[in-house]
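Student: I should like to learn how to read a structural model feature by feature. Could we work through one together?
Tutor: Certainly; let us look at the model and begin with a single pair of residues.

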Amino acid sequence: MSSDAIRLSSMAHGGGCGCKLSPAILSALLSNMREAQSFSQLLVGTETGDDAAVWQIDERTCLISTIDFFTPMVDDPRDFGRIAAANAISDVYAMGGRPIFALAVLGMPLGKIAPERVREILEGGREVCRTAGIPVAGGHSIDTPEPIYGLAVSGVCAPAELRRNCDARDGDLMILTKPVGVGIYSAAFKKEALPPADYADMVATMTTLNRIGADLAKDSDVHAMTDVTGFGVLGHGLGMARGSGLRFMLRGDSVPLLPRAVALAQQGFVTGASGRNWDSYGTAIAFPDDAQLGLRQILTDPQTSGGLLIACAPGSAEAILHRVRDAGYRSASIIGEMRRGAPGVEVC
């Protein structure tokens, strides 16, 4: 079989953000790194598992720095590049920042992928960066057993516009900007069971930039943000709840979904990462006794380039939701609220 005919997704043991280390393993690896940092300018480090590191340069400017890369969950090289780039840039938007440039991270199995296909991956990434208004200013490449692509992205924000994942307040309503189900769709795609129209929906949501985050950060009623990626709605919601010392009351029936997410999950198209996610944090989640397994699989579904999870003042939530929808995120929904109580997530 020629290198042009080999499916990119078949070269990877996992794909997209579904190939992240599980939350439990990651927590163990970082357990001795979460103590208070000795650098006063480091406003965000590893303490709360936030989306990016933030360094305050002066009284007007913070530098935001992140890196994100993964193996392919699709076969079209241009789509792979676009998805990976949008996913990496999202970390800057989730912190309330504006990206300024990116560096490419590339690992390719030499002799197994034609150079022309690799160039398409890189062009897909550059295309999304152009949409974000930033250059790919350089990068690094190595020979790897599996295809890997992503970006290291730098951004800036004013100190007052920095939004962390740990600053939600009691009573805040929670908005999710994109539909859930990307991991389920990708599991169906890998088994060649995803129709072309559903594939188009999957790619469209993953390549939509979360640039609304930079605009919302200028609103003082937006208190905290994070993006929902490999740990699913429950995992990233739990991180926000624990960091803020609050209980996230999550309305499972309000979570926006890709059109066929439920049906595909019921047919067994669920990623291994969904189960690993639940094994890592399930003891901190309160589920109703009559909850269906499918709901748990959807809420633990790993999202690649997922939406922003936004904590905002209850009196402004509807207006903020309309702003988000008017900006093009038509699936955005209020999915719950933060309350005083034992830190964790309660699905209701």
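Student: Which residue of β13 does leucine 250 stand opposite?
Tutor: This is a predicted model, and we shall read it as such. As a general idea, strands of a sheet pair through backbone hydrogen bonds, either parallel or antiparallel. In the present case, leucine 250 stands opposite valine 347 in β13. A second bridge partner in β13 is glycine 344, which belongs to arginine 247.

Student: In which sense do β9 and β13 pair, and over how many bridges?
Tutor: Strand β9 and strand β13 (residues 344-347) pair in the parallel sense, over four bridges. With strand β12 (residues 333-339), β9 also has four bridges, but there the sense is antiparallel. One of the pairs with β12 joins methionine 249 to glutamate 337.

Student: What is the strand order of the open sheet to which β9 belongs?
Tutor: The sheet has seven strands in the order β8-β11-β7-β12-β9-β13-β10, and its pairing is mixed. Its edge strands are β8 (222-227) and β10 (285-286), each of which pairs on one side only.

Student: Are the faces of strand β9 covered or open?
Tutor: Both faces of β9 (residues 247-250) are covered. Arg247 and Met249 lie on one side, Phe248 and Leu250 on the other, and all of them are buried.

Student: What can be read from a residue of the edge strand β8, such as histidine 223?
Tutor: Histidine 223 is found in β8. Its relative accessible area is 10%, and since buried means under 20%, histidine 223 is buried. Its side chain is joined to that of aspartate 172 by a polar contact of 2.9 Å.

Student: Where does alanine 217 lie?
Tutor: Alanine 217 lies in the loop between α6 (212-216) and β8. It counts as buried because its relative accessibility is 1%. Alanine 217 and threonine 48 are 169 residues apart in sequence, and their C-alpha atoms are 19 Å apart in space.

Student: Let us turn to the strands at lower residue numbers. In which sense does β2 pair with β1 and with β3?
Tutor: Strand β1 (residues 42-44) and β2 pair in the antiparallel sense over two bridges. Strand β3 (residues 62-70) and β2 are likewise antiparallel, over four bridges. β2 and β3 form a hairpin with five residues between them. As for individual pairs, leucine 42 stands opposite tryptophan 55 in β2, and the bridge partner of alanine 53 in β3 is serine 65.

Student: Which residues make the nonpolar surface patch of about 370 Å²?
Tutor: Phe39, Trp55, Ile57 and Leu63 make that patch. Tryptophan 55 is found in strand β2 (residues 53-56). At 33% relative accessibility, tryptophan 55 counts as partly exposed.

Student: How does one check the length of a helix, for example the 18 residues of α2?
Tutor: The general idea is that an α-helix has 3.6 residues a turn, so residues three or four places apart point the same way. For the length, one uses a rise of 1.5 Å a residue. On that basis helix α2 (residues 77-94) should span 26 Å, and its end C-alpha atoms are 26 Å apart, which agrees.

Student: Why is α2 described as largely enclosed by the rest of the structure?
Tutor: The reason is that 17 of its 18 residues are buried.

Student: What is found at the start of α2, and what follows the helix?
Tutor: At the start, a side-chain oxygen of aspartate 76 comes within 3.0 Å of the backbone nitrogen of arginine 78. The helix is followed by glycine 96, whose phi is positive, near 90°.

Student: Which residues other than glycine have a positive phi?
Tutor: Most residues other than glycine have a negative phi. Among those with a positive value here are glutamate 192, at about 55°, and serine 305, near 55°.

Student: Are glutamate 192 and serine 305 buried or exposed?
Tutor: Glutamate 192, in the loop between α4 (182-190) and α5 (196-206), counts as exposed at 66% relative accessibility. Serine 305, in the loop between α10 (293-299) and β11 (308-312), counts as buried at 2%. The side chain of serine 305 reaches the backbone oxygen of methionine 206 at 2.6 Å.

Technical notes:
Residues are numbered from 1 along each chain as its sequence is written. This is a predicted model: local features need pLDDT of at least 70, side-chain atom pairs count only at pLDDT 80 or more; totals for chains, interfaces and linings use all residues. Side-chain values use heavy atoms; hydrogens and water are left out. The expected span of a helix is 1.5 Å times one less than its number of residues. Buried means under 20% relative accessible area, exposed over 50%, partly exposed in between (1.4 Å probe, protein chains only). A polar contact is a pair of N or O atoms within 3.5 Å; within protein, one must be able to donate a hydrogen and the other to accept it, and residues adjacent in sequence count only if both atoms are side-chain atoms. Patches are made of residues with over 30% relative accessible area and no salt bridge: like charges are joined within 9 Å, nonpolar side chains (Val, Leu, Ile, Met, Phe, Trp, Tyr) within 5 Å. Accessible areas come from the Shrake-Rupley method with a 1.4 Å probe; for residues, only the protein chains shown count as cover. A salt bridge is a side-chain nitrogen of Lys or Arg within 4 Å of a carboxyl oxygen of Asp or Glu. Two strands pair if DSSP finds at least two bridges between them.
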